[in-house]
Amino acid sequence: MIIDDQYYDIIIIGTGAGGGTLAYKLAPTGKKILVLERGGFMPLEEQNRSNVDVFKKERYHAPERWYDINGEPFSPQTNYAIGGNTKIYGATMMRMRERDFEAVNHQEGISPAWGLKYSDFEPYYTEAEQLYKVHGKASDDPTEPHRSADYPYSALEHDPQVKDIVEALSKQGLHPASLPLGLTLQKEDPTNDSEVSGIVPALTHPNVTVKTSAKVVCLHTNPLGRAIKAVEAEVAGQSYLFMGDIIVLACGAINSAALLLRSANDICPNGVANSSGMVGRNFMKHRITSVVQLSARPNSGKFPRSVMINDFYWGDQDFPYPMGQVQNTGGLLQDIIFAESPPILSVLAKVLPGFGLKQMATRSIGWWVQTEDLPNPTNRVRIEGERIYLDYTPNNTEAHERLVYFWTEALKEAEKTTNQRGGLHPYGEMPISVVANQCGTCRFGEDSTTSVLDLNCRSHDVDNLYVVDSSFFPSNASVSPALTIIANALRVGEHLIERLK
């Protein structure tokens with residue numbers, strides 16, 4: 001084993017929304033920072049999804065197998081590269097709503113309160129929107145939270161066909177609003193990500209070092225289990241030990257939990273930072289269903305996402321429980337997650353023979369229907385040897401099914417006044433392999449018996465260990481988590497700057 005001859009003030013493991021942003025935040029301190037990334041720099045042609053065949057879905061899957069609750073293997077849709085999953089996400093940058101931070105009753109249980117409130121996150125949301133160049137428009141969305149500043153950039157215009165639908169939905173009394181997006185608007189790769197806004201600016205500081213192809217395999221503690229003394233990683237086939245004062249995990253909710261569990265030792269037999277037994281538990285991933293709407297007119301298949309509908313976010317008069325939100329997918333030829341749907345375009349191809357998948361995609365408009373799932377300690381990440389298991393059973397089912405129904409009915413009504421085919425609206429829910437929006441495996445809180453991290457995202461058990469990916473979420477809300485992960489990394493960054501003084 002090779003022992004690195006450098007000693008670091010901070011070691012950050014992972015370069016996604018949490019790790020990449022934290023590296024940016026801490027870089028100006030002058031402290032010696034090491035960033036370890038399992039992957040390398042992602043080729044531009046892989047990022048520019050308008051030029052690749054997204055239906056070759058294996059392109060965006062990790063080269064490994066995980067296992068579901070029945071022990072069946074699957075290839076996870078997750079990305080090991082500088083920028084992490086922000087290199088393949090939809091760039092949706094939504095704030096959680098004020099009420100999302102409170103305890104909320106659902107039909108199947110309670111979404112627990114956070115230890116911090118929206119007001120604690122609001123200034124960091126504003127900072128995050130500036131950093132990631134969020135394009136949006138504060139509107140009459142009935143769930144729009146308080147803002148201390150407007151979006152830094154104007155919202156995108158809707159594709160003409162989407163604009164027609166938006167107008168028809170408004171006539172129904174719904175409130176379609178502009179979807180906030182993190183964008184660079186560069187032709188080669190228009191979406192913003194944590195490589196562009198985090199790692200690249202961090203590397204302009206000489207005190208920051210990034211090592212790629214560095215797979216962290218273990219955290220080594222001191223004899224009392226109260227501090228991380230070394231990080232073990234495989235770099236280009238060699239085992240290395242890296243040492244530093246503060247260790248930050250940002251591997252994603254699944255891999256961060258797996259790393260803590262794999263780092264078990266005699267003093268921490270159930271895994272590092274796991275005296276509560278909560279590491280890996282309360283795993284959440286949104287209930288996401290894709291709905292296809294046929295179009296009489298062809299489209300490019302490559303237009304961006306632009307609209308969200310939150311009228312059913314908190315329920316309606318007949319169902320007083322949260323249902324979630326709807327957003328358009330953007331052109332189906334560039335939507336990575338859509339390619340994971342059960343073969344709903346194949347269903348359409350049978351109805352309209354003579355059309356291939358690409359042709360069908362250019363005559364369709366896709367919609368995401370997204371519902372919060374609830375934390376459940378039996379939904380968990382666990383390990384057996386080298387294997388990662390996701391023991392996950394979906395919940396909040398009726399709320400999700402109602403939202404899918406209400407949305408398809410709204411589309412049918414809209415089609416009466418737009419140039420759409422109408423009729424069938426095939427849909428399919430994302431399979432377990434789509435681990436987008438994963439969260440909750442190392443929840444934060446004030447009670448060390450029911451949470452893994454304190455409110456600064458420091459381990460209750462290990463003084464120099466922090467987690468800044470979506471692991472810390474106590475609940476899932478119904479909005480995409482990227483902006484909250486970024487905002488939290490900026491918040492934790494301020495805490496670490498004070499600690500390092």
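In this predicted model, strand β15 (residues 287-294) and strand β18 run antiparallel and are joined by 8 bridges. One spot where the two strands meet is Val-292, whose bridge partner in β18 is Gly-366. On to the next link: β18 (residues 364-371) is also tied to β17, again in antiparallel fashion, this time through 4 bridges. There, Gln-327 sits opposite Trp-368 of β18. Strand β17 has yet another antiparallel link, with 2 bridges joining it to strand β16 (residues 307-309). Ile-309 is the residue found opposite Val-326 in β17.

Put together, these pairings belong to an open sheet of 6 strands, and reading across it gives the order β9-β16-β17-β18-β15-β21, with antiparallel pairing. The edges are taken by β9 (177-178) and β21 (427-429); each has a single partner strand, so one side of each has no neighbour in the sheet.

Back to β17 for a look at its side chains. The strand covers residues 325-328, with Gln-325 and Gln-327 pointing one way and Val-326 and Asn-328 pointing the other. Which of these are buried? As it turns out, all of them are.

Just ahead of that strand comes Met-323, in the loop between β16 and β17. Its relative accessible area is 0%, so Met-323 counts as buried. And what does Met-323 touch, setting aside residues up to four places away in sequence? The list holds Phe-312, Tyr-313, Gly-315, Asp-316, Gln-370, Thr-371, Ala-399, Arg-402, Leu-403 and Phe-406. Glu-494 is another story: 171 residues separate it from Met-323 along the chain, and their C-alpha atoms are 35 Å apart.

There is also an open sheet of 3 strands, this one with mixed pairing and the order β8-β7-β10. Its edge strands are β8 (153-154) and β10 (181-182), each of which pairs on one side only. In the antiparallel sense, strand β7 (residues 134-136) pairs with β10 over 2 bridges. Here His-135 stands opposite Leu-181 of β10.

Helices deserve a turn too. Helix α1 runs over residues 17-26 and is mostly covered, with 9 of its 10 residues buried. Those buried residues are Ala-17, Gly-18, Gly-19, Gly-20, Thr-21, Leu-22, Ala-23, Lys-25 and Leu-26. What do they pack against? Their partners include three strands and three helices by label: β1 (2-13), β2 and β14 (238-249), along with α3 (118-131), α5 (194-202) and α10 (482-500).

After β2 (33-36), and before α2 (44-47), there is a loop that holds Arg-38. Buried or partly exposed? Arg-38 has a relative accessibility of 27%, so it counts as partly exposed. Outside its neighbours within four places in sequence, Arg-38 is in contact with Glu-64, Tyr-80, Ser-213, Ala-214, Lys-215 and Asn-255. Measuring aside, the computed C-alpha to C-alpha distance from Arg-38 to Asn-79 is 9.6 Å, with the two residues 41 apart in sequence.

Two residues have backbone angles worth a look. Ala-91 is not a glycine, yet its phi is positive, at about 65 degrees. It lies in the loop between β4 (73-74) and β5 (104-106), and with a relative accessible area of 1%, Ala-91 is buried. Cys-457 likewise has a positive phi, near 65 degrees, in a residue other than glycine. This cysteine is in the loop between β21 and β22 (465-467). At 0% relative accessibility, Cys-457 is buried.

Zooming out, the protein has 10 helices and 22 strands. Why does its overall size agree with a compact globule? For 501 residues, such a globule would have a radius of gyration near 23 Å, and the protein has 22 Å, which agrees. Along the principal axes, its C-alpha atoms fill a box of roughly 70 × 45 × 45 Å. Of the 501 residues, 61% count as buried. Among contacts with a separation of 6 or more, 74% come from residues 24 or more positions apart.

As for the outside, the accessible surface comes to about 18,800 Å², and carbon and sulfur atoms account for 49% of that. The charged side chains number 46 positive and 59 negative, and the centres of the two sets lie 4 Å apart.

Note on methods:
Residues numbered from 1 in each chain as written. Predicted model: local features only at pLDDT ≥ 70, side-chain atom pairs only at ≥ 80, totals over all residues. Heavy atoms only, no water. Buried < 20%, exposed > 50% of the residue type's maximum accessible area, 1.4 Å probe, protein only. Pairing = 2+ DSSP bridges. Rg over C-alpha atoms; globule rule 2.2 N^0.38 Å. Contact = heavy atoms within 4.5 Å. Areas by Shrake-Rupley, 256 points an atom, 1.4 Å probe, with all protein chains shown as cover. Lys, Arg positive; Asp, Glu negative; His and termini not counted. Charge placed at Lys NZ, Arg CZ, Asp CG, Glu CD.
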